[in-house]
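Please open the structure in your viewer and keep the selection tool at hand. We will go from stop to stop, with something to select at each one.

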Amino acid sequence: MRSAEMTAAPAETRQISLSVLRPSRSTVVGLVAVLLFLILWQIAPPMGWVNGRFTSRPTEVFLAALDIFRNDSFLYHARISLTEFVAGFALAIVVSIPLGVLLGTSKTARYLIDPPLMALYIAPTLVLLPILVIWLGIDMAPKIAVVFLGAVFPIVLNTMAGMSEADSRLLRMARSFGASRFDIFTRVLVPGSLPALLTGIRLAVGRAVLGVVVGELFVSQAGIGYQLNLYGQAMRIDRLLVYALIVSAFGYTLTIMVRSVENKIRDWRSK
């Protein structure tokens, strides 16, 4: 009996290891799609399907990336943009979560704050950027403000929705057992609103990254957005694409990280 169990254990271990090493179907399809796109992109300019001056090629983009990482002060520009992003996003989280909780739990606060909040949410950030420059100058402050304005609204709205749409059955049950307001808030409202809050953070990441780039495109002497503007004016499409891909990869990585936390929270709540 013991020998049979010992024989079955390695077989089960091999099965688990093979299942981990074997890529999923969606991963294979995605890799094949990316590979086909790169091949078409590489051969399209020589074949005359597109104008090579405006599209570049993967090999040229790769060589431009190597040159940028070596000779273009990339770490300096990346540090500037990352500092603006982190400062604006952190400020948005600090402000938006308490504000969303307040709006989601108090009808009076919602009646007072919701109209101006919606007006600011609808207003395009580009319209506010000249005003922010006049108020805050041309240093990091206006870019941080643009990141803050881009990130704060999705978090506020989703937190408010999560708080205000709590399960009424759980609320009635908690009240029937004599739970205090603090217990209802910490044990019912907060766990119930976590998925909505994380969805808001995930949506805010994209708007915050866009805010950094937009702010640096118009008002900056350094940063990734400044480099995008510089190489766009010089028609250096290969270098322009390198920086565009860096921005996309950064935003995508953060989104995947937040989504993984969302999945863990969802699994925790289901248990």
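Which residue follows H11, and what is the sign of its phi? Select Met235: this residue comes after H11, and its phi is positive, near 60°. Keep in mind along the way that the model is predicted.

**The whole chain**

Zoom out and colour by secondary structure. You should find 12 helices and zero strands, so to read the order from the N terminus is to read α-α-α-α-α-α-α-α-α-α-α-α. The protein has 271 residues, and 34% of them count as buried.

**Helix H11**

Now select residues 224–233, which make up helix H11. Show the side chains of Gln227, Leu228 and Tyr231, then add Ile224 and Gly225: these are the buried residues of the helix. Look down the axis and you will see why they belong together: they sit on the same side of H11, because their arc around the axis is only 160°. In general, residues three or four places apart in an α-helix point the same way, because there are 3.6 residues a turn.

**The aromatic pairs**

Next, show the aromatic rings. The structure holds five aromatic pairs. Start with Phe69 and Phe74: their ring centres are 5.0 Å apart and the planes stand at 70°, so this pair is edge-to-face. The two partners differ in cover, as Phe69 is partly exposed at 48% relative accessible area, while Phe74 counts as buried at 16%.

Then select Tyr231 and Tyr243. Here the planes are at 20° and the centres 6.0 Å apart, so the pair is stacked. Tyr231 belongs to helix H11 and Tyr243 to helix H12 (residues 237–270), so the pair ties together parts that are 12 residues apart in sequence. Tyr231 has 9% relative accessibility and counts as buried; Tyr243 is buried too, with 0% relative accessible area. Select Phe69, Phe74, Tyr231 and Tyr243 at once, and you have a cluster linked by ring pairs.

**A nonpolar patch**

For the next stop, switch on the surface and select Val28, Val32, Leu35, Leu36, Ile39, Leu40, Ile43, Met47, Trp49 and Val50. Together they form a nonpolar patch on the surface, with about 930 Å² of accessible area. Click on Ile39, one of its members: this residue lies in helix H2 (residues 25–47) and is partly exposed, with a relative accessible area of 43%.

**Spans from the UniProt record**

The unreviewed UniProt entry lists residues 27–44, 85–105, 117–138, 144–163, 209–228 and 240–261 under "transmembrane region". Try two of these spans. Residues 27–44 are 100% helix and 0% strand, and their end C-alpha atoms lie 26 Å apart. Over residues 209–228, the chain is 75% helix and 0% strand, with 14 Å between the end C-alpha atoms.

**Helix H7**

Which residues of H7 are buried? Select residues 125–136 and show Leu128, Leu129 and Leu132, the buried leucines of this helix. Their arc around the axis is only 120°, which puts them on the same side of H7. Turn to the face directed away from that buried side, and you meet the exposed residues Val127 and Ile134. Finish just after H7, at Gly137, where phi is positive at about 90°.

Conventions:
Residues are numbered from 1 along each chain as its sequence is written. This is a predicted model: local features need pLDDT of at least 70, side-chain atom pairs count only at pLDDT 80 or more; totals for chains, interfaces and linings use all residues. Side-chain values use heavy atoms; hydrogens and water are left out. Buried means under 20% relative accessible area, exposed over 50%, partly exposed in between (1.4 Å probe, protein chains only). Helices (H or I, at least four residues) and strands (E, at least two) are DSSP runs, numbered from the N terminus. The arc is that of the directions from the helix axis to the C-beta atoms. Rings of Phe, Tyr and Trp (its six-membered ring) pair if their centres lie within 6.5 Å; planes under 30 degrees apart count as stacked, over 60 as edge-to-face and the rest as tilted. Patches are made of residues with over 30% relative accessible area and no salt bridge: like charges are joined within 9 Å, nonpolar side chains (Val, Leu, Ile, Met, Phe, Trp, Tyr) within 5 Å. Accessible areas come from the Shrake-Rupley method with a 1.4 Å probe; for residues, only the protein chains shown count as cover. A salt bridge is a side-chain nitrogen of Lys or Arg within 4 Å of a carboxyl oxygen of Asp or Glu. UniProt positions are given in the numbering used here, feature names are shortened, and annotations may be inferred rather than shown by experiment.
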